[in-house]
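Visitor: Could you take me through one part of this protein up close? I'd like to hear about a single strand and what sits around it.

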Amino acid sequence: MDTKQAKQRFGIIGNNSQLERAIDVALQVAPTDISVLVIGESGTGKESIPKIIHQNSKRKHNPYIALNCGAIPEGTIDSELFGHEKGSFTGAHDSRKGYFESADGGTIFLDEVGELPLASQARLLRVLETGEYIKVGSSKTLRTDVRIIAATNVNILEAVKKGKFREDLYYRLNTISIQLPPLRKREGDIHLLFRKFAADFADQYNTPPIQLSEDAVKILKQYAWPGNIRQLRNFVAQLSVIEKERMLTGATLEELLPNSTSNTPVLFEDKNKADLSEREILYKVLFDMKRDLTELKKITFDLMQKEGNTELMNTVNPDIFNDMNEQQNIIISANETINKTIEVEESLSLFDQEKRLIEKSLLKHKGKRKDAAAELGISERTLYRKLKEFGL
Ligand SMILES: Nc1ncnc2c1ncn2[C@@H]1O[C@H](COP(=O)(O)OP(=O)(O)O)[C@@H](O)[C@H]1O
Ligand SMILES: [Mg+2]
């Protein structure tokens, strides 16, 4: 199978070079047993990659099992993956084969692998390294020969940093990684996909396909598509059903597209988090300084008292000393309220933060709005509106 055939066979539309590269790598690694990690935002088409790999491997006549780790309840996931013995937990009336046993000789696709609980991650690492696993409630070591392909959205490294995903497992799964580009980076494919989906839905609903005017195509391409191809597909489905006028203008499309900035909070959220910790540290330093100052004043006060210099004492604001003993408590409770205070302040200054981000991005891209918008995950139109709003 070559790239073109793979696209045809698995209904993959698009000529983007990163997409083609992803398919190429999938075809190259297919004959081996190497683990592959598919990385891409939600809706970028990750699910076709493991299918391409399985179908082009020597395992293709054996089972292919696709599992969404985020959709299996934490309490039953080990039993589903590795099976259990009769009576191993309440309700386990019979023993059960796990997917790793059923898929022996085949391939398992673990979608949203970042959602796997830590205990299951340990079991998965073992089966990857040795081919061995143990059923829940059993002590007998069993063997299986399964190839693992996992998929994750781009946040897995953050999960590793937070200790929610084992680093060793991450590296083991990530022997080869295949990146799928977000739709906004596939500008040339957007209209192509739109036409394909419009034709599909027209067939399905027996109506003429939705078409776009020239300015509508422009708007379609400028939109950020935070939900990627899944969002585009659903959007075309919605248009196909509700729009009586089959030729859509830019103005209509603009009205129907959800506001892209409200759909891209991740960028700003991350930025806030970084600022928050920095600011928190600053607050702590300030409070420490204040405490030192109070102590210094206390020492001075004591000294003055010893010297009997009441005249000087009277020049010092008495309020400082009144709550001297409570100072420590105040500092503690103040520290506790910092978080709340910051939250309020952060949301108040979100406007400024966004403005700063946009300025930075424009500077970085030497004023090229298109590139800045792409980096910020907003459409060029939205960027333009924001620039006006910020008076930039
Ligand atoms: N290149 C593509 N061509 C046509 N349809 C696609 C393409 N990529 C994704 N899709 C469709 O978009 C939807 C989301 O794809 P999916 O693989 O489930 O995304 P992910 O797993 O990355 O969230 C599916 O309906 C899929 O068929
Ligand atoms: Mg998916």
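Guide: Let's start where Val36 stands opposite Ile149 in strand β6. Keep in mind that this is a predicted model, so every position here comes from a prediction. Val36 belongs to the pairing between strand β1, residues 36–39, and β6, which runs in the parallel sense over four bridges. Now look at Ile149 again, because β6 has a second partner: Phe109 also stands opposite Ile149. That contact is part of the pairing of strand β3, residues 107–111, with β6, again parallel and again over four bridges.

Zoom out a little and you can see the sheet these strands belong to. Five strands form an open sheet in the order β2-β3-β6-β1-β7, with parallel pairing. At the edges are β2 (64–68) and β7 (176–179), each of which pairs on one side only. From one strand to the next, the twist averages 20°. If you want the general picture, strands of a sheet pair through backbone hydrogen bonds, in either a parallel or an antiparallel way.

Back to β6 itself, residues 147–152. Six of its six residues are buried, so the strand is largely enclosed by the rest of the structure. Try following the side chains along it: Arg147, Ile149 and Ala151 point one way, while Ile148, Ala150 and Thr152 point the other way, and all of them are buried. Yes, that list of buried residues includes Arg147.

Thr152 deserves a stop of its own. It is a residue of β6, and it counts as buried because its relative accessibility is 3%, with the cut-off for buried being under 20%. Who does Thr152 touch, once you leave aside neighbours within four places in sequence? The contacts are Leu37, Val38, Ile39, Gly40, Lys46 and Val113. Leu37, Val38 and Ile39 in that list fall within β1, residues 36–39.

For contrast, try two spots away from the strand. Gly137 lies in the loop between β4 (132–134) and β5 (141–143), and it counts as exposed because its relative accessibility is 60%. Setting aside neighbours within four places in sequence, Gly137 is in contact with Glu85 and Ser88. Ser88 is 49 residues away along the chain, yet the two C-alpha atoms are separated by 4.6 Å.

The other spot is Arg123, in helix α6 (residues 118–130). With a relative accessible area of 26%, Arg123 is partly exposed. Not counting residues up to four places away in sequence, Arg123 touches Asp78, Phe82, Ile134, Lys135 and Val136. Tyr133 is 10 residues from Arg123 in sequence, and their C-alpha atoms are 6.8 Å apart.

There is a helix pair to look at too. Helix α2 (residues 17–29) and helix α3 pack at an angle of about 35°, with their axes 8 Å apart, and α2 passes α3 in a right-handed crossing. On the α2 side the contact is made by Ala22, Ile23, Ala26, Leu27 and Val29, and on the α3 side by Ile49, Ile52 and Ile53. By type, the residues of that contact divide into eight nonpolar, no polar and no charged.

Now for the whole protein. It has 19 helices and nine strands, and of its 392 residues, 41% count as buried. Among contacts between residues at least 6 apart in sequence, 73% join residues at least 24 apart.

How far does the predictor trust its own model? The mean pLDDT is 82, and 77% of the residues reach 70 or more. Confidence is highest in α3 (residues 48–55), at a mean of 98, and lowest in helix α16 (residues 327–348), at 41. Two stretches are worth marking on your display. Over residues 261–280 the pLDDT is below 50, and this stretch has 35 contacts in the model beyond near neighbours in sequence. Residues 318–348 are also below 50, with 30 such contacts.

Terms used: Residues numbered from 1 in each chain as written. Chains lettered and ligands numbered in written order. Predicted model: local features only at pLDDT ≥ 70, side-chain atom pairs only at ≥ 80, totals over all residues. Heavy atoms only, no water. pLDDT = per-residue confidence, 0-100. Contact = heavy atoms within 4.5 Å. Axes fitted to C-alpha atoms, helices over the stretch in contact; angles between N-to-C directions. Left-handed = near helix turned anticlockwise from the far one by under 90°. Nonpolar A, V, L, I, M, F, W, Y, C, P; charged D, E, K, R; others polar. Buried < 20%, exposed > 50% of the residue type's maximum accessible area, 1.4 Å probe, protein only. Pairing = 2+ DSSP bridges.
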